[in-house]
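Work through the exercises below with the model open beside you. Try each task before reading its solution.

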Amino acid sequence: MKTTIDNVPNLNKAKERKKIPTQFLYIDENKSNHDEYFKDKRFFIRTYGCQANVRDEETIAGMLCGVGAKRIDNEYDADIIIINTCAVRENAEDKVYGQIGNLKNIKTKDRKIIAICGCMVEEPAILEKVMSMFPFVQLYFGTHEIYRCLDLIYQAMKSNERIVSIESKQGEVIEGLPCQRTHPYKAYVNIMYGCDKFCTYCIVPYTRGKERSRKFDDILKECKQLVDNNYLEITLLGQNVNAYGLDLDEGKDFADLLEAVAKLGIPRLRFMTSHPWNFNKKMIDVIAKYDNIMKFIHLPVQSGSDEILKKMARRYTREDYIKLVELMRKEIPSLNLSTDIIVGFPNESDEQFNDTLSLVDIIQYDSAFTFIYSPRQGTPAAKMEDKISYEEKSKRFKELVKHLEISISNSSKKMVGGVYPILVDGVSKTDVNMLSGYAENNKLVHFKGDVSLIGKIVNVKIKESHTYSLIGELTSE
Ligand code: 5AD
Ligand code: SF4
């Protein structure tokens, strides 16, 4: 198959941060010029990775549905198959290789378009590997090309060529694209895109471009629509939500935005992710002040060692982090705190790892995500010497989880006997006789109840606690 290269990713361009104002592009109509082609086409999308990817999937699905295509949930019957990928760690990447490999047999059957998009293909080395491994994939597009995806799909289909359209750039803010929401009462709202922090292990600033905020009023308009449509929960999304607005000249920051959205009256307001570096007292005060802002903060620490934090370019010390958490807990006594931690950063010594263990013991997290360091080609950390074996890293990982589980299960235990409002998500994944949903503090709760309660907020009395979930009973208390 002939390959047409529109653009290929370039890591040097991806890390450029020129001081130029962000371009805002307002699109009022979802048009492809090829509506006839898309009418009656069936499409399938699978997404890997973070909430930003989930939100991208909603845009792609919205664009396709907007021109008459129909979403289906099996790839066998689909005319257009889209795999939306994640590059943050190697295991996310491996899952995608497995998934694409499985598509090979499907592709030979008839004329289907298989497209790979998202963060993985923004990485030149990975793109090269995927292209050589899977010659039947006909379209590659990056995170910056989503708004053009209808044209790209059509072009790939008509030309019967392989098309690569992945531009590494700082990126614009594109407004007005349609969105087919995954959830009927919980919504993700992007407040900003990209990242300028360049933590030395992380590929995200290269794949998603510069940190750029949406305009205050555009975000409020989207949130207002969700409130008007009876949504119960909004999660404001960004790689570093507390940097919101700093790149605009609107004179508004994250605290202002959070307050304005809370005032719209959405029953539950969440946000993620927060970087400890610029989380300030004004933000903490707003979270404390509004009952509908959930008392849950995801505050990745990554390491408890000052030396490793420095090598990671995290911009704070262990002491800064502890002080920030103390302030948060003082102002928001019911706060639940979650984090991300990486073990086995290049040449992390036993002592440095022990600093992470001791930090975890001091902070007493309510929940946590833990990762073994995974080198990402093109990032500074991938070039650092690393003499620590994978076996040693795995051993440390297990030890860290043991420490974390003590505080996580203690924090769950404390909920036993209490009554908590639960937003009911659906039938429990582990027991079909139970419903499940999240408490305001983000703890997962299972309880017996009728499926008619799905999508409602109900009071549940907690009877039993496990490390990662709780069991309760419906109550009118
Ligand atoms: N290796 C392991 N974990 C990583 N993360 C980001 N990059 C890497 C990497 N190269 C983790 C960080 C981040 C979370 C989303 O993923 O902990 O907060
Ligand atoms: Fe990656 Fe660091 Fe940016 Fe988070 S803040 S997305 S870890 S570079």
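**Exercise 1. The shell of ligand 1**

Which side chain has an N or O atom 2.6 Å from an oxygen atom of ligand 1? Then list the surrounding residues and sort them by class.

Solution. First, the conventions. The model is predicted: local features need pLDDT of at least 70, side-chain atom pairs count only at pLDDT 80 or more, and totals for chains, interfaces and linings use all residues. Residues are numbered from 1 along each chain as its sequence is written, chains are lettered from A and ligands numbered from 1 in the order in which they are written, and side-chain values use heavy atoms, leaving out hydrogens and water.

Step 1. The side chain is that of Gln302; its N or O atom is 2.6 Å from an oxygen atom of ligand 1. This is a polar contact (a pair of N or O atoms within 3.5 Å; within protein, one must be able to donate a hydrogen and the other to accept it, and residues adjacent in sequence count only if both atoms are side-chain atoms).

Step 2. Add two further pairs. A polar side-chain atom of Arg89 lies 2.7 Å from a ligand 1 oxygen atom. Tyr201 places a backbone N or O atom 3.0 Å from a nitrogen atom of ligand 1.

Step 3. Check the cover. Alone, ligand 1 exposes 400 Å², and the protein buries 85% of that. Areas come from the Shrake-Rupley method with a 1.4 Å probe; for residues, only the protein chains shown count as cover.

Step 4. Find the elements. Strands β16 (336-343) and β17 (367-372) give two or more residues to the shell around ligand 1. Helices (H or I, at least four residues) and strands (E, at least two) are DSSP runs, numbered from the N terminus.

Step 5. List the shell. Around ligand 1 are Val88, Arg89, Tyr201, Gln302, Asp340, Ile342, Phe371, Ile372, Tyr373, Ser374 and Arg376. A residue is near a molecule if one of its heavy atoms lies within 4 Å of it.

Step 6. Sort. The shell has six nonpolar, two polar and three charged residues. Ala, Val, Leu, Ile, Met, Phe, Trp, Tyr, Cys and Pro count as nonpolar, Asp, Glu, Lys and Arg as charged, and the others, Gly among them, as polar.

**Exercise 2. The shell of ligand 2**

Which residues surround ligand 2?

Solution. Step 1. The list is Cys195, Lys197, Phe198, Cys199, Tyr201, Cys202, Val204, Pro205, Gln239, Asn240, His275 and Arg314.

Step 2. By class, this shell holds seven nonpolar, three polar and two charged residues.

**Exercise 3. Two positive phi angles**

Is Gln302 buried or exposed? Compare Asp40.

Solution. Step 1. Gln302 is not a glycine, yet its phi is positive, about 70°. Gln302 sits in the loop between β15 (296-298) and α11 (306-312). Its relative accessibility is 7%, so Gln302 counts as buried. Buried means under 20% relative accessible area, exposed over 50%, partly exposed in between (1.4 Å probe, protein chains only).

Step 2. Asp40 has a positive phi near 70°. Its loop runs between α2 (35-38) and β3 (42-47). Asp40 is exposed, at 66% relative accessible area.

**Exercise 4. The cores**

How many residues does the largest nonpolar core have?

Solution. Step 1. The count is 60, and the residues with the most contacts inside are Leu236, Phe271, Phe279, Ile297 and Leu337. A nonpolar core is a set of buried Ala, Val, Leu, Ile, Met, Phe, Trp, Tyr and Cys residues joined through side-chain atoms within 4.5 Å.

Step 2. Helix α9 (residues 254-263) gives the most to this core, with seven residues.

Step 3. A second, separate core has 33 residues, among them Leu11 and Ile116.

**Exercise 5. Two helix residues**

Which side chains make polar contacts with those of Thr59 and Ser358?

Solution. Step 1. Thr59 belongs to helix α3 (residues 51-66). Thr59 is buried, at 10% relative accessible area. Its side chain makes a polar contact with that of Arg55 (2.9 Å).

Step 2. Ser358 is in helix α13 (residues 350-363). At 26%, Ser358 counts as partly exposed. Its side-chain partner is Arg318 (2.8 Å).
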